[in-house]
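I am opening my notebook on this structure and will write down what I looked up, entry by entry. The sequence and the model come first, and my notes follow.

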There are 2 protein chains.
Amino acid sequence: MHSPIIILIEPQLGENIGMVARAMANMGLSRLRLVAPRDGWPNEIARAASSGAEHILNGAQLFDSFDEATSDCHYIFVTSARVHRQAKPVTGPQDAARRLRQKVKAGQKVAVLFGRERNGLTSDEISRAHEILTFPVVDDHPSLNLAQAVLLFGYAWRTADEDEGELLPHVTQLGSKPASSGEIESFFQQLVETLLKAGYFKPEHRREVMERNLRNIFLRRELTSQDVQTLHGVLTALKIQQAGP
Amino acid sequence: MHSPIIILIEPQLGENIGMVARAMANMGLSRLRLVAPRDGWPNEIARAASSGAEHILNGAQLFDSFDEATSDCHYIFVTSARVHRQAKPVTGPQDAARRLRQKVKAGQKVAVLFGRERNGLTSDEISRAHEILTFPVVDDHPSLNLAQAVLLFGYAWRTADEDEGELLPHVTQLGSKPASSGEIESFFQQLVETLLKAGYFKPEHRREVMERNLRNIFLRRELTSQDVQTLHGVLTALKIQQAGP
């Protein structure tokens with residue numbers, strides 16, 4: 001599936017362009033357009049700030065004007081944090097991402113525009129979009145920098161249709177396979193036996209409750225087979241000590 | 001409701017600490033702890049980079065060690081993008097945020113830890129947490145900077161229990177109240193009358209279809225009362241022209 005086109009209107013700092021590329025790469029967005037970047041293009045500072053997302057900068061398309069950069073797009077969101085008097089729908093990133101996915105699936109070319117670091121977008125530019133995208137930030141601190149705004153949209157895009165858990169990088173989930181009830185119970189019986197010899201279950205009439213409490217400690221979170229082996233090692237050491245030198 | 005405590009372990013660059021504070025302010029997080037920041041504390045560079053989130057830096061608590069910074073916390077997430085061999089659950093930000101909200105509601109003090117910019121957290125540090133928090137980034141580009149990781153967690157925290165739309169800043173939603181069917185129909189009748197005089201409905205037997213197509217254009221998007229007034233103005237100008245000088 002194509003991804004939305006990220007369009008930066010007259011970006012000022014090369015560092016910000018590079019960090020936008022990095023945020024896009026983090027979230028699987030690949031199509032970048034630049035309208036009249038202040039310091040020209042290509043930009044070495046952008047490259048240095050991209051942290052390995054150079055392929056996005058290399059593929060970036062350069063345009064002279066807003067209209068040229070958007071003329072082939074079917075649906076346009078502009079991002080803005082300020083109050084506008086324009087009669088235009090205002091949408092958060094999750095809702096925007098869900099609807100943009102439907103449009104992309106239907107074969108449309110969609111774009112999300114980000115304004116100048118200092119001044120954002122002009123009222124005229126905002127009037128040329130279909131909707132305004134804004135972020136659910138705290139009213140007193142509405143200012144997101146360019147790369148952060150792109151990152152949040154990208155995150156919403158990436159997680160719009162999928163269970164987040166499926167998208168996590170391949171971090172080892174449990175270290176080894178979960179322990180079976182039999183493995184845990186076998187360990188537990190040896191533990192009880194060892195504790196009996198150590199005189200742990202006193203008074204005798206509380207033994208049942210004490211056993212239950214102990215068992216619950218080991219059952220409360222999933223143990224792995226490796227965990228149970230570790231615990232067996234602990235027990236073995238204690239038994240050897242009990243047996244004496 | 002209390003918010004999770006954000007703990008930075010040996011942060012290196014003051015600029016990153018400042019941008020973390022800014023991201024926290026964006027997302028309504030306020031409790032920051034710093035463990036042995038490399039360049040000491042307070043840090044003027046952090047202040048400059050915080051973009052008005054100085055209250056968070058002023059309230060930041062300073063600690064010498066991981067253990068001191070976490071000793072009063074009931075539940076700890078560590079953030080990490082790397083593969084670990086530890087038998088510890090790995091969770092995405094949305095799931096983590098939802099469960100942390102439940103713990104906070106139950107009166108627990110919860111913390112999310114972020115490691116050193118260059119090296120992250122040590123295996124020993126990771127072993128002291130309950131769970132690993134990671135982000136659903138693209139496998140080839142897993143590297144988020146410190147403030148971006150805090151921002152994404154903060155966004156997940158802020159939107160965990162609430163409809164995102166309710167959290168958008170107070171941007172004017174539609175400029176004015178929606179137009180009623182009567183307002184739209186009144187305009188539409190005048191439009192038809194004007195087009196009749198202009199000879200638009202040709203051939204006559206297609207008039208019904210042409211009217212329906214036209215009406216659909218105006219009904220397809222919600223118009224506001226202001227929109228309808230604007231359209232009436234357009235019509236009036238055209239009628240005056242029709243009447244001739």
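**Entry 1: one residue and its surroundings**

Leaving aside its neighbours within four places in sequence, with which residues is Val110(B) in contact? I note before answering that this is a predicted model. I looked up the contacts and found Pro4(B), Ile5(B), Tyr75(B), Leu100(B), Lys103(B) and Val104(B), with neighbours within four places in sequence left out. Val110(B) itself is found in strand β6 of chain B, and its relative accessible area of 2% makes it buried, because buried means under 20%. I then took one of these contacts, Ile5(B), and checked the separation from Val110(B): the two are 105 residues apart in sequence, while their C-alpha atoms are 6.3 Å apart in space.

**Entry 2: the strand that holds Val110(B)**

I next asked how many residues of β6(B) are buried. The strand is mostly covered, with five of its five residues buried. I wrote down their directions as well: Val110(B), Val112(B) and Phe114(B) point one way from β6(B), whereas Ala111(B) and Leu113(B) point the other way. This is in line with a general rule, which I copy here: in a regular strand the side chains alternate between the two faces of the sheet.

**Entry 3: the sheet of chain B**

I followed β6(B) outwards to its partners, and found it in an open sheet of seven strands with parallel pairing, whose order in chain B is β3-β2-β1-β6-β4-β7-β5. At the edges stand β3 (61–63) and β5 (90–91) of chain B, each with a single partner strand, so one side of each has no neighbour in the sheet.

On one side of β6(B), which covers residues 110–114, I found strand β1 (residues 5–9) of chain B, and the two pair in the parallel sense over four bridges. Within this pairing I noted that Ile5(B) stands opposite Ala111(B), and that Ile7(B) stands opposite Leu113(B). I also looked up β4(B), which pairs with β6(B) in the parallel sense, again over four bridges. Here Ile76(B) stands opposite Ala111(B), a residue that I had already met opposite Ile5(B).

**Entry 4: helices lying across the sheet**

Which strands does helix α5 of chain B lie across? I found that this helix (residues 93–105) lies across β4 (75–79), β5, β6 and β7 (131–133) of chain B, and that it runs at about 160 degrees to β4(B). Helix α7 (residues 146–159) of chain B lies across β1, β6 and β7 of chain B, and its direction is at about 150 degrees to β6(B).

I returned to two of the contacts of Val110(B), Tyr75(B) and Lys103(B), and found that Lys103(B) lies over the face of Tyr75(B), at 4.1 Å from the ring centre. Elsewhere in chain B, Arg207(B) lies over the face of Phe201(B), at 5.5 Å from the ring centre.

**Entry 5: salt bridges**

How many salt bridges does the structure hold over all chains? The count is 30, and I wrote out a few of them.

In chain A, Glu131(A) forms a salt bridge with Arg99(A), the closest N and O atoms being 2.8 Å apart. Glu131(A) lies in strand β7 (residues 131–133) and Arg99(A) in helix α5 (residues 93–105) of chain A, so this pair ties together parts that are 32 residues apart in sequence. I checked the accessibility of both partners: Glu131(A) is buried at 4%, whereas Arg99(A) is partly exposed at 24%.

In chain B, Arg215(B) forms a salt bridge with Glu185(B), with 2.6 Å between the closest N and O atoms. This pair links helix α10 (residues 207–220), which holds Arg215(B), to helix α9 (residues 181–197), which holds Glu185(B), and the two residues are 30 apart in sequence. Arg215(B) is partly exposed at 25%, and Glu185(B) is partly exposed at 29%.

I also noted a network of salt bridges in chain A, which links Glu10(A), Arg116(A) and Glu125(A).

**Entry 6: an aromatic pair**

Over all chains I counted seven aromatic pairs. In one of them, the rings of Phe187(A) and Phe218(A) have centres 5.2 Å apart and planes at 75 degrees, so the pair is edge-to-face, the cut-off for this being over 60 degrees. Phe187(A) is buried at 3% relative accessibility, and Phe218(A) is buried at 17%.

Note on methods: Residues numbered from 1 in each chain as written. Chains lettered and ligands numbered in written order. Predicted model: local features only at pLDDT ≥ 70, side-chain atom pairs only at ≥ 80, totals over all residues. Heavy atoms only, no water. Phe/Tyr/Trp six-rings, centres within 6.5 Å; stacked < 30°, edge-to-face > 60°. Buried < 20%, exposed > 50% of the residue type's maximum accessible area, 1.4 Å probe, protein only. Lys NZ or Arg CZ within 6 Å of the ring centre and 35° of its normal. Salt bridge = Lys/Arg side-chain N within 4 Å of Asp/Glu carboxyl O. Pairing = 2+ DSSP bridges. Contact = heavy atoms within 4.5 Å. Axes fitted to C-alpha atoms, helices over the stretch in contact; angles between N-to-C directions.
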